Amino acid sequence: MKISSCFDAGSIVVDSMEHAGDIRLQVRHDSNSEFAQWFYFRLQGAAGQACQMRFLNAAQCAYPKGWVDYQAVASYDRQHWFRVPTQFDGQVLTIQHTPEEDSIYYAYFEPYSWERHLQLIGQAQSSPRCKVRDLGNTLDGRDLNLLVIGDEAPGKRKVWLTARQHPGETMAEWFVEGTLSRLLDEQDALAGALLDKATFYVVPNMNPDGSCRGNLRTNAAGTNLNREWANPTMEKSPEVWLVREAMREIGVDLYLDAHGDEALPYNFVAGSEGNPGYNARREALENSFKAAWLVHNPDFQDTYGYERDHFGEANMTLSTNHIADYFDCLAYTIEMPFKDNANRPNALYGWNGERSKQLGASVLHPIAAVIDQLR
Ligand SMILES: [Zn+2]
């Protein structure tokens, strides 16, 4: 029996594994920070054995509430991921599973590999609608790419979508894949109509280094990128610095930033109501956006979410808050669950890549609902 994690986004610490019924693990913290929640490892040689895998430091992880009612995911072929029985007793997280094959992977959520990211970029540029722009390098030397979709004609609205500032929130890049699948489909009438009015600027992965290192929340320097937007630096947060520069050069009329939430079993949005520059126009845009999404996708809801910020008390280092005020525009953080959508639960898959993709495809509807009112 053997456990390994030396692959793209792999992450685990093995304390001991005397036998299948007593596998003791620790969730590894991010490569240069204390955040710990993401795990992804391979177990070999345990086919037919009742495995009990205990994560002994679960209560010390970044989001212990994320383990309540949580089910881990597993896959034999890394294509098809399914949920496995998992319990949290307040201290230790335990996966109990009998693998059918001798090689199986377990993860916090369905991974989105760097390889798939590169294929996504490659496939996107094969569309005549899409151009790939290189914004610069990450600290580990990976490319930070921006996809420009549609003609950049004067007077067109500029719609930005970014994902995976927090690299372990892989659902965010699945979401982007869904949005791109529609935007690049020349037979999709809604996408065509939107591209008559707007150009889309998409950063599918804001944190390539953290993604490859198997981090939950930080980049190679241990920086939480979504706390850097007020003062990014090329030393600590080049990803934010480079994207923010591109935004200032191009302009922003609507900004969406895709994330995953560890604790809440719902899809929801968080707006900029706590910003000093918040106004009635932005509030009306937020409400139109939400109302349209509610109509078009029952996986989206507006009952459960974060507590609303009080006016003037927003954390202005977050991307959506910073961008909303800098450009006086509609800006939303989109949150998807690690667990499941409790309104439409699926015991086999929970919330997963495919459902995130479909939610991402449906976001064209709320964008269309506000596109004529953005300015
Ligand atoms: Zn996040």
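## Salt bridges in a predicted model

Asp-188 and Arg-182 join their side chains in a salt bridge, 2.6 Å from N to O. The term means a side-chain nitrogen of Lys or Arg within 4 Å of a carboxyl oxygen of Asp or Glu. Both Asp-188 and Arg-182 are buried. Buried means under 20% relative accessible area, exposed over 50%, and partly exposed in between (1.4 Å probe, protein chains only).

This is a predicted model: local features need pLDDT of at least 70, side-chain atom pairs count only at pLDDT 80 or more, and totals for chains, interfaces and linings use all residues. Residues are numbered from 1 along each chain as its sequence is written, and side-chain values use heavy atoms, with hydrogens and water left out.

Side chains of opposite charge can pair when their charged atoms come close. The structure holds 19 salt bridges. Three of them are listed here.

| Acidic residue | Basic residue | N to O distance |
|---|---|---|
| Asp-188 | Arg-182 | 2.6 Å |
| Asp-253 | Arg-375 | 2.7 Å |
| Asp-340 | Arg-355 | 2.9 Å |

Asp-253 forms a salt bridge with Arg-375. This pair links distant parts of the chain, 122 residues apart. Asp-253 sits in the loop between helix H5 (238–250) and strand S15 (254–261), and Arg-375 in the segment after helix H9 (364–370). Helices (H or I, at least four residues) and strands (E, at least two) are DSSP runs, numbered from the N terminus. Asp-253 counts as buried because its relative accessibility is 9%. Arg-375, at 42%, counts as partly exposed.

Asp-340 and Arg-355 meet in a salt bridge too. Both are buried. Salt bridges with shared partners also join Asp-140, Arg-142, Asp-209 and Arg-213 into one network.
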